[in-house]
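Here's a quick tour of how the strands, helices and rings fit together in this one. Have the viewer open as you read.

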Amino acid sequence: MAAPKRKDTKKFFENLSGAGKSIGVLTSGGDAQGMNGAVRAVVRMGIYVGAKVYFIHEGYQGMVDGGQNIEEATWESVSSMLQVGGTVIGSARCKEFRTPEGRVRAALNLVQHGITNLCVIGGDGSLTGANLFREEWSGLLETLRTTGQIDDEAVQRNSVLHIVGMVGSIDNDFCGTDMTIGTDSALHRIIEVVDAIGTTAQSHQRTFVLEVMGRHCGYLALVSALACGADWVFFPEMPPEDDWEEELCYKLSGNRADKKRLNIIIVAEGAIDRSNKPISADYIKDLVVRRLGFDTRVTILGHVQRGGTPSAFDRILASRMGVEAVLALLEASATTPACVVSLVGNQAVRLPLMECVQMTQEVQKAMDEKKFDEAVRLRGRSFENNLHTYRLLCSRKSDKDLPSSGFNVAVLNVGAPAAGMNAAVRSAVRVGIAEGHKMFAVNDGFEGFAKGQIKEIKWGDVGGWTGQGGSLLGTKRTLPAKHAEKIAEQIRIHNINAMLVIGGFEAFECVLQLYELRAHHVEFCVPLCMLPATISNNVPGTDLTIGADTSLNAIVETCDRIKQSASGTKRRVFIIETMGGYCGYLANVGGLAAGADAVYIYEEPFDIRELQANVEHLTEKMKTSIQRGLVLRNENSNENFTTDFIYQLYSEEGKGVFDCRKNVLGHMQQGGAPSPFDRNFGTKVAAKAMQWITTKLKETYKEGRVFANSDDSACLLGMRRRAMVFRPVAELREETDFVHRIPKEQWWLKLRPLMKILAKYRTSFDVSDSAQLEHVTHVRPKEAAI
């Protein structure tokens, strides 16, 4: 996608008024978790800017039938929707909308309510229908005028129909976006099942064949296979080679010979071979039983994948996209094409709807023509990267066939444990071995390094690590400077040629110290790479860290339960303290995902007047039908306004109106199995890091030794906006607040006004960095987004 140049001047959405405008919001096609979050965001943002917003119940069927199916929404009517799966306004397939007569009836119903702005949440079929409706709009109005159903004034008043789409689909089958609403939640359901099956499979040495959704798109199958370390995956975009049956059986029997007690095979429901013949879960089971005699079971997940509570990621995505959709409608002119708001990397984008639809259709065309490489390429860089990483990790060769680089690479964890660390270590070890390196695991960080707790780690040693929480290598906060001599000695003893350090802010400081110690210890003149892994998301050089998503899900799940506990008592406000040090990411983004009324963070100073205003805001809220409140406070947001202080203030000021409860979440935010996002993220960044290390080792190997002392040989690999970027730690030093252990600039602060708007606070919102209309192209940047 070619991004337009942005102007430096700031633009605030206060200049975009919705007064006199009406917005209709509908969900269509298959339901997906997170759709309700999108509906909530559209309704509240629309009302906030002064527009009328209407629910269109039961999708296009409700638009055609009209009547009570089109209902004006209020602020309170979308309360308690955020945590509910599916779509509460209903979705239905509609044959009548496919006929000209049906679309005429739909147009009449919209005109009667003055709706000329439509927000459609659905898949490519729903969005294609919306675009056709927009293209025919003038003709539909003319038909209504000539039949006497509307007058000339109504034609003029409703002359232009603006369409904005959001893709709600668990399959992630829409080109132009990295993630569609519902995909992450569906992955949660799949991984929950895989983790549960893993224990029973281990007990009986069983092989499990899991069928997941994806009739035309293999995203769920591919990413779940990557996230659980499956032995084999079948999906429609890349059918296996003709001899796949022999290869599968050879691999499964090899794994059993290596004493692996379980085998997992993931199959997309639309999986095919290279002759376009279906490959079913039952066929694979029969094959394994017939040829290998393994105890094999089939599990078909079915609609379990559509159900359940939306994940934190889907709630945030839906909220961001819903607000972006309203902004796009407010900015639309008569010549603006129908667009889709979506996510590329970590950035919201607007893309012409039909360009995305056409590319999506090209994927199926390529598959029909057996151009499978082309189909994968058209799916986008995220899909390509997933497939590339899976192949790296699963194409194990026998020891005698492995290349030998002669290089030794050490991998270690530093700082507090974070979910996803083990997935990163597993990926690094296996990619390193595949690249020909000898991999060494260091226990207990640099403290263990100094003590010589270093041993070679093999391919099979990291089996089953992907789904394990915490840090199996052990991790300490010790910095290397005070043990420099001993660490240098261990590097000499084990002939370590490169280091991969996985951890949080301490890991960043460690790599920076090693870089600075190069002047005194030649042993540190080796390639150094750091992967950010911390729940706090407080590392410079990256928008996201491994572990933060798992922690957000823990916070949101707890907030859901706490809010539910108030459903009977009513008039209750909960004060919840989150971790994060001085970084307010968990509190702020957790507040957005949980529907908080207020969030207190260090980055945005607050005083007693703001606390008082928040109490008054909640007092007003208690007069409505929403009689509960949720307040999040980052643990270090203010040294005087502690959680206890805020609890006591709210209790005193709210006396007679509401009562208070407080909850300190503590280390439960660090525990648990990693989320699918963190497993996937950790796996892919570690693979990319090891490939960088291989390149640097080749570049710096001269005269029989590795010597790397340039700035770009000590880097942090982070996600910035749309791309994965290696940044020298020396360069990042200037962008870091070392006193408070946070970056000087943090992207997520731009989401803060969003949280306030959705909680009904008047605030200023800079939209100069909001999505701009771009075009879908086949050209991708060199550093592709994950």
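## Four-strand sheet

Two strands count as paired if DSSP finds at least two bridges between them. With that in hand, and keeping in mind that this is a predicted model, take the open sheet of four strands: its order is 19-20-18-21, and the pairing is parallel. Strand 19 (598-600) and strand 21 (659-664) sit at the edges with a single partner strand each, so one side of each has no neighbour in the sheet. From one strand to the next, the twist averages 20°.

Strand 18 (residues 572-578) and strand 20 (residues 628-634) run parallel and are joined by seven bridges. Looking for a spot to zoom in on? Glu-577 has Arg-633 as its bridge partner in strand 20. Helix 18 (residues 548-569) lies across strand 18, strand 20 and strand 21, at about 165° to strand 18. Helix 19 (residues 585-594) packs on the sheet too, touching strand 18, strand 19 and strand 20, and its direction makes about 160° with that of strand 20.

## Seven-strand sheet

There's also an open sheet of seven strands, ordered 3-2-1-4-5-10-11, and here the pairing is mixed. Its edges are strand 3 (70-72) and strand 11 (347-352); each has a single partner strand, so one side of each is left without a neighbour in the sheet. The twist averages 25° from one strand to the next.

Strand 1 (residues 22-27) runs parallel to strand 2 (residues 52-56), with four bridges joining them, and Gly-24 stands opposite Tyr-54 in strand 2. Helix 1 (residues 35-48) lies across strand 1, strand 2, strand 4 (117-122) and strand 5 (162-167), running at about 175° to strand 1. Helix 10 (residues 312-331) packs on this sheet as well, with strand 10 (339-344) among the strands it touches, and its direction makes about 140° with that of strand 10.

## A helix pair

Helix 7 (residues 219-228) packs against helix 13 (residues 381-394) at about 40°, with the axes 10 Å apart. That angle makes helix 7 oblique to helix 13, and their crossing is left-handed. Residues in the contact include Leu-222 and Leu-226 of helix 7 and Phe-383 and Leu-387 of helix 13. By type, the contact residues split into nine nonpolar, three polar and no charged.

## Aromatic rings

The count of aromatic pairs comes to 20. In one of them, the rings of Trp-244 and Tyr-283 have centres 6.1 Å apart and planes at 55°, so the pair is tilted. Trp-244 belongs to helix 8 (residues 244-257) and Tyr-283 to helix 9 (residues 281-292), so the pair ties together parts 39 residues apart in sequence.

Technical notes
Residues numbered from 1 in each chain as written. Predicted model: local features only at pLDDT ≥ 70, side-chain atom pairs only at ≥ 80, totals over all residues. Heavy atoms only, no water. Axes fitted to C-alpha atoms, helices over the stretch in contact; angles between N-to-C directions. Helix = DSSP H or I, 4+ residues; strand = E, 2+ residues; numbered from the N terminus. Parallel < 35°, antiparallel > 145°, perpendicular 65-115°, else oblique. Left-handed = near helix turned anticlockwise from the far one by under 90°. Contact = heavy atoms within 4.5 Å. Nonpolar A, V, L, I, M, F, W, Y, C, P; charged D, E, K, R; others polar. Phe/Tyr/Trp six-rings, centres within 6.5 Å; stacked < 30°, edge-to-face > 60°.
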